[in-house]
Amino acid sequence: MNRRSIARNVQKGFTLIELMIVVAIIGILAAIAIPQYQTYVAKSQVARVVSETGSQKTAIEDCVLNGKLTASATACAGTATGSNLLKSATGNTVNGAAAAAGSGAPVLAFVGTAGGATLTSTFGSSAAAILTDKTVVWTRADDGTWTCASNVLKKYESSSCPTTSTS
């Protein structure tokens, strides 16, 4: 063989097996990455709802200190901003008005006459499917201390609001 014929036989491009190996590697990486990303999104949504719900504690403290112990008082129930992660429910008010379609706000309930209260947020609307109908509840004791509990799966819980479920 002369030099000219050797130069023409040089392989160009990828073989089918090489392409199949690349596709298999991409498939394996996707199988690992997609569930991890979904877990990350759900955890960040839980943290966001815990924060949004907890931000209402200041308004409730103001109401308790001023003797307004009914959730119907606009000043107490209407300071939340609407959230697309929360389900709209009876008692949802956003700045004194009903929550907009597709959004919700924490629901406030006063317990007794000594300042006990609960703020309940229920996941819905745009929340991750695994979180739908789960709740985050901030509870104010009569002595003014606040505690938070949720019923989301343990792997999605926020460090500031532990889960009460065992999963």
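## Where E4 meets E5

Start with Thr122: Thr135 in strand E5 stands opposite this residue. The wider pairing here joins strand E4 (residues 116-122) to strand E5 (residues 135-140), in the antiparallel sense and over six bridges. Another bridge to look for starts at Thr118, whose partner in E5 is Thr139. Keep in mind as you explore that this is a predicted model.

What holds such neighbours side by side? Strands of a sheet pair through backbone hydrogen bonds, either parallel or antiparallel.

## Where E3 meets E4

Thr118 has a bridge partner in E3 too, namely Ala109. E3 and E4 pair in the antiparallel sense, over five bridges.

How many residues lie between E3 and E4 in their hairpin? There are four residues between them, and Gly112 in the turn has a positive phi of about 75 degrees.

## The whole sheet

Now step back to see how these strands fit together. They belong to an open sheet of four strands, in the order E3-E4-E5-E6, with antiparallel pairing. Strand E3 (107-111) and strand E6 (146-150) stand at the edges with a single partner strand each, so one side of each has no neighbour in the sheet. From one strand to the next, the twist averages 15 degrees.

As you follow a strand, watch its side chains: in a regular strand they alternate between the two faces of the sheet.

## A helix across the strands

Which helix lies across E4 and E5? Helix H2 does, and H2 runs at about 30 degrees to E5. Strand E4 is largely enclosed by the rest of the structure, because five of its seven residues are buried.

## The chain as a whole

The protein chain has four helices and six strands. From the N terminus on, the elements run α-α-α-α-β-β-β-β-β-β, so you can trace them in that order. Of the 167 residues, 32% count as buried. The accessible surface comes to about 10100 Å², and 61% of that surface belongs to carbon and sulfur atoms. Among contacts between residues at least 6 apart in sequence, 44% join residues at least 24 apart.

## How confident is the prediction?

The mean pLDDT of the protein chain is 81, with 77% of its residues at 70 or more. Among the elements, helix H2 (residues 16-54) has the highest mean pLDDT, 93, while helix H1 (residues 3-8) has the lowest, 56. Where pLDDT is low, the predicted coordinates should not be read in detail.

Methods:
Residues numbered from 1 in each chain as written. Predicted model: local features only at pLDDT ≥ 70, side-chain atom pairs only at ≥ 80, totals over all residues. Heavy atoms only, no water. Helix = DSSP H or I, 4+ residues; strand = E, 2+ residues; numbered from the N terminus. Buried < 20%, exposed > 50% of the residue type's maximum accessible area, 1.4 Å probe, protein only. Contact = heavy atoms within 4.5 Å. Areas by Shrake-Rupley, 256 points an atom, 1.4 Å probe, with all protein chains shown as cover. pLDDT = per-residue confidence, 0-100. Pairing = 2+ DSSP bridges. Axes fitted to C-alpha atoms, helices over the stretch in contact; angles between N-to-C directions.
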